[in-house]
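Visitor: Hi, I have just opened this one and would like some help finding my way around. Could you put it up for us?

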Amino acid sequence: MSVTVDRMTKAFGSKTVLEDISLEVADGEFTVLLGPSGCGKSTLMRVIAGLETPDSGSVRISGRDVTTLDPSDRDVAMVFQSYALYPHMTAAANIGYPLKIRKTPDAARLVREVAERLGLTKLLQSYPKQLSGGERQRVALARAMVRRPKLFLMDEPLSNLDAQLRAGMRGELKHLQHELKTATIYVTHDQAEAMTLAHRIAVMSAGRILQYGTPAEIYNRPANRFVATFVGSPAMNLLEQADGTALAIRPEHVEVSPDPADGWSPARVWVSEELGSETLVQLKTESYLISARLSPEREWNFDQAVWYRFRADRVLTLPPEGGKDLRRD
């Protein structure tokens, strides 16, 4: 099963929310739509699901044009941020509801099988109010899985969970998708979710896809300034140049020393943050604040004189805003 979005646009009144969107999701691929609130990622998912109709362009699933088809005719399953469980139904009834409305034979067996896979067997007779956030999320996933759709669409499904539970659910979700090998499109504004879950990431801003590539490509070879500063924490260092371009380097590729040496530039420690496994240091130069990700063995003090250099093989040149891609090979 594959998904193809071709030259899609969508506006609500005078506001264009999707502009000339093209996207290919391969069979079995986990694709993440990543971007800030209001960038159009949820609208793009709703168009793929059939909940919104594009103004132009097309959607094809497994080569079939589904642009004008109802959601029920697309064989997709959606998982929402809100879980969307029926409070008056048990977990078993919630999971089996898609089978009930389709009058699927042997529905009880299918519910038991998917519940066992997601560790829900002992919770099948519980109601949503009796379940934790993580358990409710697993019930919502089980309901999506039980009818074995061609495509999973997930709209910020983990955002209501606390940080520790969210990290655990990311691992469960990634392994589950690996087992099912069902194409999945996942919406998030959380770069950690995108980097850990995706085979490929579509970074969106203002209704456009600015870069579509693997997590490694997005992180190591950002196509423009937005991608460079949106992905990564701390963000990529950008050093503006006289010709409008910017030198770009990740904090982990900045080397810092307390001792002067040939080819190193002077700076002072602006602030140091000790995180246990690493230390984040901001260096103040005459023109810039530069972030560096360093090993935790050495202590860095406010206003300490230091010297720094960039790993030459990891410096990129990014174009002016709206300019042609000038990244170095």
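Guide: We can go through a few helices, then the empty spaces, and then some strands, keeping in mind that this is a predicted model.

Visitor: Okay, helix 4 then. How many of its residues are buried?

Guide: Helix 4 is mostly covered, since 11 of its 13 residues count as buried. Among them are Gly133, Gly134, Gln137, Arg138 and Val139 towards its beginning, and the run from Ala140 through Leu141, Ala142, Arg143 and Ala144 to Met145 is buried as well.

Visitor: And what covers those buried residues of helix 4?

Guide: The cover includes three helices, namely helix 2, helix 3 and helix 5, together with two strands, strand 6 and strand 7.

Visitor: What span does helix 4 reach, from its first C-alpha to its last?

Guide: Helix 4 reaches 18 Å between those two atoms, which is close to the 18 Å expected at 1.5 Å a residue.

Visitor: You mentioned helix 2. Which of its residues are buried?

Guide: In helix 2, which covers residues 91-101, the buried ones are Ala91, Ala92, Asn94, Ile95, Gly96, Pro98 and Leu99. These residues pack against helix 3 (107-117) and helix 4 (133-145). After helix 2 comes Lys103, which has a positive phi, near 55°.

Visitor: Switching to empty space: how many cavities of 30 Å³ or more are there?

Guide: A search of the whole structure finds 3 of them, and the largest has a volume of about 70 Å³.

Visitor: What lines that largest cavity?

Guide: Its lining includes Phe30, Val79, Leu141, Phe152, Leu173 and Gln177. Helix 4, strand 7 (151-155) and helix 5 (163-180) each supply at least two residues, with the largest share, 4 residues, coming from helix 5. By class, the lining of this cavity has 10 nonpolar and 2 polar residues, and no charged ones.

Visitor: What about pockets, how much volume does the largest one have?

Guide: The largest pocket has a volume of about 570 Å³. It is lined by 21 residues, of which Val76, Ala77, Met78, Phe80 and Arg147 are the closest to its centre. Strand 6 (76-80) gives the most to this lining, with 5 residues, while helix 2 and helix 4 each supply at least two. The lining of the largest pocket divides into 16 nonpolar, 1 polar and 4 charged residues.

Visitor: And the second largest pocket, which helix gives the most to its lining?

Guide: That is helix 3, with 4 residues. The second largest pocket holds about 180 Å³ of space, and its lining includes Leu110, Glu113, Val114 and Arg117 as well as Met145 and Phe152. Those last two, Met145 and Phe152, also belong to the lining of the largest cavity. By class, the second largest pocket is lined by 7 nonpolar, 1 polar and 3 charged residues.

Visitor: Last topic, strand 14. In what sense does it pair with strand 17?

Guide: Strand 14 (residues 265-274) and strand 17 (residues 305-310) pair in the antiparallel sense over 4 bridges, and Ser265 stands opposite Tyr308 of strand 17.

Visitor: How many bridges join strand 14 to strand 15?

Guide: There are 6 bridges between strand 14 and strand 15 (residues 279-284), which also run antiparallel, and here Val269 stands opposite Leu283. Strand 14 and strand 15 form a hairpin with 4 residues between them, and Gly276 in the turn has a positive phi of about 90°.

Definitions and conventions: Residues numbered from 1 in each chain as written. Predicted model: local features only at pLDDT ≥ 70, side-chain atom pairs only at ≥ 80, totals over all residues. Heavy atoms only, no water. Buried < 20%, exposed > 50% of the residue type's maximum accessible area, 1.4 Å probe, protein only. Contact = heavy atoms within 4.5 Å. 1 Å grid on protein atoms, 1.4 Å probe; cavity = no way out; pocket = protein on both sides within 12 Å on 5 of 7 lines; lining within 4 Å. Points joined across faces, edges and corners; volume = space filled by probe spheres on them. Nonpolar A, V, L, I, M, F, W, Y, C, P; charged D, E, K, R; others polar. Pairing = 2+ DSSP bridges. Expected span 1.5 Å × (residues − 1).
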